[in-house]
Amino acid sequence: TLDITNGTTGEMYVANVPKRMLLHFCGPAVLECLTPAYTFTTTTHGLLEIPSSEADGLAIARVIRYMRRCCSAPSHKASGEMRIPHTMRDGLETIRACRVLELFADARRIERLIAREWMCDQTFDTESETLSVIWSSYFGTFRESEMGDAIVWFALHETDKDTHGLAEEMRALLDQE
């Protein structure tokens, strides 16, 4: 088994994760990349260190729980797809956790759901920090994604129709680099 920890602080994210499960989902290249100071083997208990700038511990734990559900005995209820968190920030963190473990299909599915269903919903809160979080946080990794495209679409759409009285603010945003 492996313990998954924060690569900077050493904080334990998830303990006793089966190596075979991680190999199945992530592949040996990911495990070798995240294994500190010694070569990954199939016989020793070891560590996987997740860089703190790459993913949040709760999101890593969420992804590992999904993997464990998939590997449960057949008598358990079907695991289906990875569950989508209820908040935007948790969704973004889950995408980042999927990416660090190279679960790119799951990351894209969650990203599409957020962009197409949450952000296109009439109740999407434009006054919150959500737009700023997607655009500016996480080293700008979400700018070149479907969510970044949704923000640009929203800005253009709102500037055109001015239903929120934000046309001037949106035009100022469009003038920025």
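A disulfide is a pair of cysteine sulfur atoms within 2.5 Å. By that test, a search of the whole structure turns up zero disulfides. The structure is a predicted model. Its strands form an open sheet of three, in the order E2-E1-E3. Its largest nonpolar core holds 43 residues.

**Cysteines**

- The cysteine sulfur closest to that of Cys 71 belongs to Cys 70, and the two are 6.5 Å apart. That is too far for a bond, because a disulfide needs sulfurs within 2.5 Å.
- Cys 71 is partly exposed, with a relative accessible area of 45%.
- For Cys 98, the closest cysteine sulfur is in Cys 26, at 9.5 Å, so this pair is also too far apart for a bond.
- Cys 98 is buried, and its relative accessible area is 0%.

**The sheet**

- Pairing in the sheet E2-E1-E3 is mixed.
- Strand E2 (12-17) and strand E3 are the edge strands, and each pairs on one side only.
- From one strand to the next, the twist averages 20°.
- Helix H1 (residues 19-26) packs on the sheet and touches E1, E2 and E3. The direction of H1 makes about 110° with that of E2.
- Helix H3 packs on the sheet as well, touching E1, E2 and E3. The direction of H3 makes about 20° with that of E2.
- In general, strands of a sheet pair through backbone hydrogen bonds, either parallel or antiparallel.
- Here, strand E1 (residues 2-6) and E3 run parallel, joined by five bridges.
- Thr 5 has Glu 49 as its bridge partner in E3.

**Two faces of strand E3**

- Side chains alternate along strand E3 (residues 46-50).
- Gly 46, Leu 48 and Ile 50 point to one face and are buried.
- Leu 47 and Glu 49 point to the other face and are not buried.

**The nonpolar core**

- In soluble globular proteins, nonpolar side chains tend to be buried together.
- Which residues touch the most other members of the largest core? They are Ile 4, Leu 22, Ile 50, Ile 60, Ile 64, Met 67 and Leu 101.
- Helix H3 (residues 57-70) supplies the largest share of this core, with seven residues.
- Ile 64 touches Ile 4, Val 14, Val 17, Met 21 and Leu 22. That list leaves out residues up to four places away in sequence.
- Ile 50 appears twice in this picture: it is a buried residue of E3, and it is among the core residues that touch the most other members.

Terms used
Residues are numbered from 1 along each chain as its sequence is written. This is a predicted model: local features need pLDDT of at least 70, side-chain atom pairs count only at pLDDT 80 or more; totals for chains, interfaces and linings use all residues. Side-chain values use heavy atoms; hydrogens and water are left out. A nonpolar core is a set of buried Ala, Val, Leu, Ile, Met, Phe, Trp, Tyr and Cys residues joined through side-chain atoms within 4.5 Å. Buried means under 20% relative accessible area, exposed over 50%, partly exposed in between (1.4 Å probe, protein chains only). Helices (H or I, at least four residues) and strands (E, at least two) are DSSP runs, numbered from the N terminus. Contact means heavy atoms within 4.5 Å. Two strands pair if DSSP finds at least two bridges between them. Axes are lines fitted to C-alpha atoms, for helices over the stretch in contact, and angles run from 0 to 180 degrees between N-to-C directions.
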